[in-house]
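User: Could you take a close look at one part of this model with me? I would like a connected account of a single spot and what surrounds it.

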Amino acid sequence: MTVCTGISLKSLEGNHYLGRTQEYNVEFDYVGVQIPKKIEITESIEKWETIYSVLGIGIKESQQKVAQSVIDGVNECGLGGITQYFAEFNHYSSVEEIKKAGKLPLIAEQFVFWVLANCKNTQEIEEKILDVAIVDLSVKGKAPGLPQHFMFTDATGRTIVVEPSIKLGFVVYENPVGVMTNSPKFDWHLTNLENYTGLSDENAKDALFHDHKILSAGKSSGMHGIPGDYTATSRFVRAAYLLKFSDPVGEKDIINKAFHILSTSDIVKGVVKLDEPKGEDRQYTQYTSIYDLSKRQMYIKMYDNFTIQTIHFDEIAGNEDQIKIYELVKIPQYEDLN
């Protein structure tokens, strides 16, 4: 299971960005990848061809080979997408059911990649997902499928959440707050924000009881009651209000701002323990990624390396016939000042 947090935000210049934390308990060899357009995707239930080139985070399958997919990414049109765990609310179908409905069966882990490789904006997502459905199989070909839901932001800033919460289809939500976490459904999270409308970016006022003054808790007391745990409901509220109250910034500062907001969801190894075999019993923030949708550029910070690494969309790589791989530095980097 994962407990990821996603945000979309806008700079003062009007450019749009999409970011997420990736929490997981299984270790993967993450790499940057750019998958070209017009290449055949064979690591899927049925073969299909990419329309657009996609830059994002991939997984190395061997020394020389990467998966034909991205966990999150941005395409050549400036459409960005992320995926997150969606337990208990996902409704997947069998391959047979999907084919009988005349739709293309997709594995949940490949849905973001399929969207980015086939759609130029959020409107086109809504049109094209009518022809696909998610199959109840994992990437290893075994049931059950990994429960997932998805958030997309396009170059205009429109942000939608896509949830496979109905049989053979999806529910699409407009996302006015620019946040997505995990279960329950997205509309529940919006309703839950009603419980926190008393939060403020100003200090709470002192209270007077007859002639006795009770001093407020002082600095940051307006945020008293904002949840600080790692549950999906708490992370949603926390990210929503940090986005709401934080100062608007320009392009040169917004990547920094996005990393600061997402860092409030960072999970240190050992804080969240799972009932899993040793080596898979620690869930933690494996990486945090931010996408500049206007420049089609990725920024990433690894768990062991706080240095922000960046990869630009490469027009040449987008027209090649092989996936371009960017090795990420995963060891700590320190700047010696003396």
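Leaving aside its neighbours within four places in sequence, which residues is Ile125 in contact with?

Analyst: Happy to. Please keep in mind that this is a predicted model. Setting aside the neighbours within four places in sequence, Ile125 is in contact with Leu79, Val115, Cys119, Phe152, Ile160 and Val162.

Let's start with the core. Ile125 belongs to the largest nonpolar core, a set of 31 residues, and is one of the four that touch the most other members, along with Phe111, Phe152 and Val162. Two of those partners, Phe152 and Val162, are also among the contacts of Ile125. Several elements give two or more residues to this core, namely β3, β9 (104-106), α2, β10, β11 and β12. Helix α2 provides the largest share, with seven residues. A second core of 29 residues is separate from this one, and includes Ile82, Val161, Tyr173 and Ile255.

Next, the helix. α2 spans residues 111-118 and lies across β3 (30-35), β6 (54-59), β7, β8, β11 (148-153), β12 (159-166) and β13. The angle between α2 and β11 is about 30 degrees.

Those strands lead us to the sheet. It is an open sheet of eight strands with antiparallel pairing, and its order is β13-β12-β11-β8-β7-β6-β3-β21. β13 (169-174) and β21 (324-327) are the edge strands, each pairing on one side only. On average, neighbouring strands here are turned by 25 degrees against each other, direction ignored. Within the sheet, β7 (residues 72-75) and β8 (residues 80-85) run antiparallel and are joined by two bridges. Gly73 is the residue that stands opposite Gly81 in β8.

Cysteines deserve a word too, since Cys119 is one of the contacts of Ile125. The whole structure has zero disulfides. Cys77 is in no disulfide, and the nearest cysteine sulfur to Cys77 belongs to Cys119, 9.5 Å away. A disulfide calls for sulfur atoms within 2.5 Å, so that pair does not qualify. As for their surroundings, Cys77 counts as partly exposed, at 29% relative accessibility, whereas Cys4 is buried, with a relative accessible area of 1%.

A few backbone details round out the picture, beginning with the loops that border β11 and β12. Pro144 sits in the loop between β10 (132-134) and β11, and the peptide bond from Ala143 to Pro144 is cis, with omega near 0 degrees. In the loop between β12 and β13 you will find Leu168, a residue other than glycine whose phi is positive, near 60 degrees. Leu168 is partly exposed, with 23% relative accessibility.

There is another example of each feature elsewhere in the chain. The peptide bond from Ser183 to Pro184 is also cis, with omega near 5 degrees, and Pro184 is in the loop between β14 (179-180) and α4 (186-192). His210 has a positive phi near 55 degrees, again in a residue other than glycine. His210 lies in the loop between β15 (207-209) and β16 (212-214), where this residue is exposed, with a relative accessible area of 78%.

To come back to where you began: Ile125 is among the residues that touch the most other members of the largest nonpolar core, and α2 gives that core its largest share.

Key:
Residues numbered from 1 in each chain as written. Predicted model: local features only at pLDDT ≥ 70, side-chain atom pairs only at ≥ 80, totals over all residues. Heavy atoms only, no water. Pairing = 2+ DSSP bridges. Helix = DSSP H or I, 4+ residues; strand = E, 2+ residues; numbered from the N terminus. Axes fitted to C-alpha atoms, helices over the stretch in contact; angles between N-to-C directions. Contact = heavy atoms within 4.5 Å. Buried < 20%, exposed > 50% of the residue type's maximum accessible area, 1.4 Å probe, protein only. Core = buried A, V, L, I, M, F, W, Y, C linked by side-chain atoms within 4.5 Å.
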